[in-house]
Amino acid sequence: MDAQTDASPASSLPRIVIVGGGAGGLELATRLGNTLGRRGHADITLVERGRSHLWKPLLHQAAAGTLDIDDNELNYLAQSTWHHFKYRLGAMDGLDRARKQVLVAPTLDEDGREIVPRRSFGYDILVLALGSQNNDFGTPGAAEYAIALDSPEDARRFHKRLVNACIAANTQTDPLRPEQLKVVAIGAGATGVELVAELHNSTRALAAYGLDRIDPERDMRLSLVEAAPRILPALSERVSTAATAELAKLGVQIHTGKRVTAVTATGVQTADGDFLPAELVVWAAGVKAPDVLRDLDGLESNRINQLVVRPTLQTTRDDAIFALGDCAACPWKGHPGGVPPRAQAAHQQASFLVRQIQRRCTSKPLHAFHYRDFGSLVSLGEHSTVGSLMGGLAKGSLFIEGHFARFIYWLLYRKHLHALHGFWKTAFLTLARLISRTTEPRIKLH
């Protein structure tokens, strides 16, 4: 069936289409809507496959149950109404650069019925902000038995399985099986490290809510598997050492220098012959951009599907198409690997593209993007936060940990909220959530 073309009224305004409503894409749509859209200077459309947004660095908390997704997600339809842009439900599955059209697949409900037909959206400026996903490298059993925390749906699925596993163990009369109540996180980057630290707290809190036949210290085991010689291999050795020490205090079993060769229904097999029993396996190793970006109508992409962009964030083969965030291979002077796939990079690029697109709409010359690395922080749940700050605070990097580091980590999410809501709404949301925490269970119990 032929795609339906966007039925918006004809307009001479520049058509700006943003595909992907993650941190970078949603911030860009919101800020363009508040400027060009509000003043009637451009027609702005956000195309996104989901109906609500959750800041991706919070997914490990949602999976562990220490954060309620329903209380922290943002509805795209409401945000678009408040901030003068259009939201269109759907997943991009193709691109026609000659006709300047984004091709969007039909949207189906849980029963396979079509909600929205196949459509296409015309553009004058296109921004691709599709983010990234975990890369299981084709490891046998990974797709079937491991959960990758790429979306709120993944976090919900993991948490539901975690609660069900604890309830089942609490009610059974037979001894626990070798894999029962054991969790293995594959990949000791920030996601894997933060998840196991958060799980240490949430599993003990969960057991305290009436699951009196479970002894967390005796029955539950958390393991972290990393192919590199140390955890957090992308960060400094000092941050890695501090995080290793904190995890050891929590009883997390750390297996470094181990490559996973298979995931089964009962555990994880490594290349050196070890088998780690596990009822729940999380795949947090490797990263790649969505497969739809590979050879997307002739656009240049790299081996992990990222679109190669110039310093202006324009794709190398089409000046009308920009890319930002994790799906963009952006050059970074002095760093062969380019700009890293981090939330701070997406935020900086979104802010930069607001001005860049305004300049393109008025036929002004474009500027080059310059990434500023402000350091990295890793949250270890209620126990600690470790990391390094860079920039104006010190020459080189400044190692921080403890309460100050936790406060800086807390501020990062508020900065994202501020970009979406402004100061006063962010302040009221923060206050409301602080109050609600005093009247609710410490963790999500269902």
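**Starting at D272**

Is D272 buried, partly exposed or exposed? D272 turns out to be partly exposed, with a relative accessible area of 48%. Bear in mind that we're looking at a predicted model here.

D272 has a partner, too: its side chain meets that of K258 in a salt bridge, at 2.5 Å from N to O. This pair ties together distant parts of the chain, 14 residues apart. D272 sits in the loop between β18 (267-270) and β19 (275-277), while K258 sits in the loop between β16 (253-256) and β17 (260-264). K258 has a relative accessibility of 12%, so it counts as buried, the cut-off being under 20%.

**Other salt bridges**

How many salt bridges does the structure hold? There are 18, and the D272 and K258 pair is one of them. Another joins R156 and D70, whose side chains meet at 3.1 Å, N to O. Here the two residues are 86 apart along the chain: R156 belongs to helix α6 (residues 152-171), and D70 belongs to helix α3 (residues 69-72). R156 counts as partly exposed at 35% relative accessibility, and D70 is partly exposed as well, at 48%. Add E73 to the picture and you get a network of salt bridges linking D70, E73 and R156.

R113 and D109 make a salt bridge as well, with their closest N and O atoms 3.1 Å apart. What about the setting of R113, buried or exposed? At 53% relative accessibility, R113 counts as exposed, because the cut-off for that is over 50%.

**A six-stranded sheet**

Now for the strands. Six of them form an open sheet with mixed pairing, and if you walk across it you meet β6, β3, β2, β12, β24 and β23 in that order. Which strands stand at the edges? They are β6 (86-89) and β23 (314-315). Each has a single partner strand, so one side of each is left without a neighbour in the sheet.

The partner of β6 is β3 (residues 43-48), and these two run in the parallel sense, paired over four bridges. To find your way around this part, look for V47, which stands opposite R88 in β6.

**A helix on the sheet**

Which helix packs on this sheet? That's α1, covering residues 23-37. Helix α1 touches β2 (15-19), β3 and β12 (125-128). Compare the direction of α1 with that of β3 and you get an angle of about 160°.

Key
Residues are numbered from 1 along each chain as its sequence is written. This is a predicted model: local features need pLDDT of at least 70, side-chain atom pairs count only at pLDDT 80 or more; totals for chains, interfaces and linings use all residues. Side-chain values use heavy atoms; hydrogens and water are left out. Two strands pair if DSSP finds at least two bridges between them. Contact means heavy atoms within 4.5 Å. Axes are lines fitted to C-alpha atoms, for helices over the stretch in contact, and angles run from 0 to 180 degrees between N-to-C directions. A salt bridge is a side-chain nitrogen of Lys or Arg within 4 Å of a carboxyl oxygen of Asp or Glu. Buried means under 20% relative accessible area, exposed over 50%, partly exposed in between (1.4 Å probe, protein chains only).
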